[in-house]
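Please open the model in your viewer and keep the sequence panel beside it. The tour below moves from one selection to the next, and each stop says what to look for there.

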Amino acid sequence: MSSQHPEPRPEQAPWDSGVTAATTLPPPAEAELSTTAANEVVGVTSWRTPVVLGLLSLVALLLFGLNAPDNTVSFRVSEAGDLFRVPDLVVHGVLWGWVTVAVLAGLTVLAVLRARAGAHLPRWAVLVFGFFFVSGFLVWVVGSARSPDVSLSGLLAGSVALAIPLIFGSLGGLLCERSGVINIAIEGQLLFGAFSAAVAGSLSGSAWVGLLAAVLGAGLVSLVLAVFSITYRVNQVIVGVVLNVLVSGLTGFLFATVLESDPGVFNSPPRLPRFAVPVLSEIPLIGPIVFDQSVIGYLMYAAVALVWFALYRTRWGLRTRSVGEHPKAADTLGVKVNALRFRNVLLGGMVAGLGGAFYTLVSVSAFTRDMTSGAGYIALAALIFGRWNPVGALLASLLFGFASNLQSILSFLGTPVPSQFLAMLPYVVTILAVAGLVGVSRGPAAIGKPYTKE
């Protein structure tokens with residue numbers, strides 16, 4: 001046997017080739033699979049998407065095609081005060097319904113053919129399928145309302161606003177899980193951040209102090225997570241769940257005994273200012289979304305860009321990804337694995353705290369019991385759906401924010417769809433996205449595994 005190290009596999013990072021036994025190629029006898037076994041493996045991982053697309057296409061046929069509204073539906077693009085006027089989008093319910101059914105059926109057939117060939121469906125096809133299904137649903141449900149007219153600008157701007165805490169939560173989870181630490185405690189970080197922002201902002205009379213308190217409060221929750229999961233190597237999932245329950249109970253108790261006793265002193269935080277960029281904020285559709293935001297809204301865009309750049313273009317990012325994938329190899333090269341994980345967990349909690357501040361300093365300007373309503377779990381789903389990538393987490397959070405905002409708008413329009421169905425719409429989208437449309441999503445290899453230096 002040759003004494004030289006074998007060549008690293010193509011999917012390996014350059015820093016881990018030849019460091020541990022796990023980086024060497026397996027013997028030919030173990031590396032080769034029979035054609036039948038290989039096809040079985042491909043089939044197991046590839047047929048999930050065609051089945052989900054087929055079921056959604058059947059739903060589209062029953063609702064958007066056979067029960068399409070026989071009238072026109074108008075989507076307003078421009079609003080009063082916009083820089084220029086863009087004509088409304090007007091479609092006929094029956095025509096668009098059957099176009100939607102035809103496109104979805106065609107993409108389902110493509111998914112079946114790709115699965116039979118042992119290949120995954122291209123990402124563009126999934127995006128096109130999602131666009132037509134969502135647009136078909138919008139036309140069907142708005143066309144069935146008392147007033148078949150909706151503001152597209154308001155729908156999208158509201159979706160972005162509802163997605164802001166989800167984006168911060170998913171970014172905070174990404175910083176933890178890219179380091180190899182499971183962060184189930186995003187819900188607790190958001191909730192305690194909201195509570196801290198409300199109390200500190202009310203006592204100080206400054207929204208900026210409340211924003212700082214939200215960062216520190218969520219960081220405190222992350223400190224507990226880091227101590228138990230990294231230092232004492234307690235099961236990370238259990239620690240996260242316990243922290244969520246603990247924060248929910250603690251904030252609920254303090255809300256009932258302190259905040260409600262004198263809300264004028266303890267629960268009346270000022271709002272963060274909103275800044276509209278001159279001229280740019282008046283651009284139809286884009287202006288209200290990008291250039292007319294609160295401070296936290298602008299911080300959200302900056303945070304996504306900064307995390308992406310730091311994760312993929314800096315030395316810290318390389319070390320973070322290496323610790324999440326092969327901590328022993330990173331340790332061999334001089335990276336202090338547990339110290340880096342500890343710092344990243346704290347940083348992730350602070351980022352999530354900004355999302356918690358949105359609830360009490362931007363949205364409602366007061367704290368209420370369990371006001372995050374499971375947003376931390378949806379943020380975790382967005383993280384998984386986005387494949388542990390900052391941009392992917394952003395897009396997934398926007399999808400869930402769109403589903404939540406759509407529920408409110410459709411209830412206001414008076415659609416015949418039961419309110420109970422509209423209330424569960426965001427969670428249905430979450431389940432479909434994570435369990436079906438995302439396909440195979442592989443997290444960091446060392447996630448959830450405590451590291452002990454041998």
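A residue is called buried when its relative accessible area is under 20%, exposed when that area is over 50%, and partly exposed in between. Asp88, with a relative accessible area of 28%, is therefore partly exposed. Please bear in mind throughout that this is a predicted model.

**The whole chain**

Begin with everything selected and colour by secondary structure, which comes to 19 helices and five strands. The chain has 454 residues, and buried residues make up 47% of them. If you switch on a surface, you are looking at about 21,400 Å² of exposed area, of which carbon and sulfur atoms supply 68%. Among the contacts in the chain with a separation of 6 or more, 76% are between residues 24 or more positions apart.

**The salt bridges**

Side chains of opposite charge can pair when their charged atoms come close. The structure holds three salt bridges, and the next selections visit them in turn.

Stay with Asp88 and add Arg85, since the side chains of these residues meet in a salt bridge, with 3.4 Å from N to O. Arg85 counts as exposed because its relative accessibility is 58%.

Next, select Arg76 and Glu79, which form a salt bridge whose closest N and O atoms are 3.1 Å apart. Glu79 is partly exposed, with a relative accessible area of 29%, and Arg76 is likewise partly exposed, at 26%.

Then move to Asp292 and Arg274, whose side chains meet in a salt bridge at 3.3 Å, N to O. This pair links distant parts of the chain, for Asp292 belongs to strand β5 (residues 292-294) and Arg274 to strand β4 (residues 274-276), 18 residues apart. Asp292 has a relative accessible area of 23% and is partly exposed, whereas Arg274, with 52%, is exposed.

**A nonpolar patch on the surface**

Select Leu58, Leu62, Leu66 and Trp98 with the surface displayed, and you will find a nonpolar patch of about 390 Å² made by these residues. Leu62 can be located in helix α3, which covers residues 48-65. With a relative accessibility of 42%, Leu62 counts as partly exposed.

**The nonpolar cores**

Now hide the surface and look inside. Which residues of the largest nonpolar core touch the most other members? Select Phe137, Phe168, Ile296, Phe367, Phe400 and Leu406, which hold that position among the 102 residues of the core. Helix α6 (residues 152-177) contributes the largest share of this core, 13 residues. Both domain 1 (47-144) and domain 2 (157-402) are represented, each with at least three residues in the core.

Centre the view on Leu406 and, leaving aside residues up to four places away in sequence, show what it touches: Phe137, Leu138, Leu155 and Leu425. Apart from this core lies another, of six residues, including Val323, Ala330, Val337 and Tyr451.

**A buried asparagine**

For the last stop, select Asn244, which lies in helix α9 (residues 236-259). Is Asn244 buried or exposed? Its relative accessible area is 5%, so Asn244 is buried. Not counting residues up to four places away in sequence, Asn244 touches Ile184, Ala185, Ile186, Glu187, Gly188 and Tyr377, and you may wish to display these neighbours together with it.

Key: Residues are numbered from 1 along each chain as its sequence is written. This is a predicted model: local features need pLDDT of at least 70, side-chain atom pairs count only at pLDDT 80 or more; totals for chains, interfaces and linings use all residues. Side-chain values use heavy atoms; hydrogens and water are left out. Patches are made of residues with over 30% relative accessible area and no salt bridge: like charges are joined within 9 Å, nonpolar side chains (Val, Leu, Ile, Met, Phe, Trp, Tyr) within 5 Å. Accessible areas come from the Shrake-Rupley method with a 1.4 Å probe; for residues, only the protein chains shown count as cover. A salt bridge is a side-chain nitrogen of Lys or Arg within 4 Å of a carboxyl oxygen of Asp or Glu. Helices (H or I, at least four residues) and strands (E, at least two) are DSSP runs, numbered from the N terminus. Buried means under 20% relative accessible area, exposed over 50%, partly exposed in between (1.4 Å probe, protein chains only). A nonpolar core is a set of buried Ala, Val, Leu, Ile, Met, Phe, Trp, Tyr and Cys residues joined through side-chain atoms within 4.5 Å. Domain bounds come from an automatic or database domain assignment. Contact means heavy atoms within 4.5 Å.
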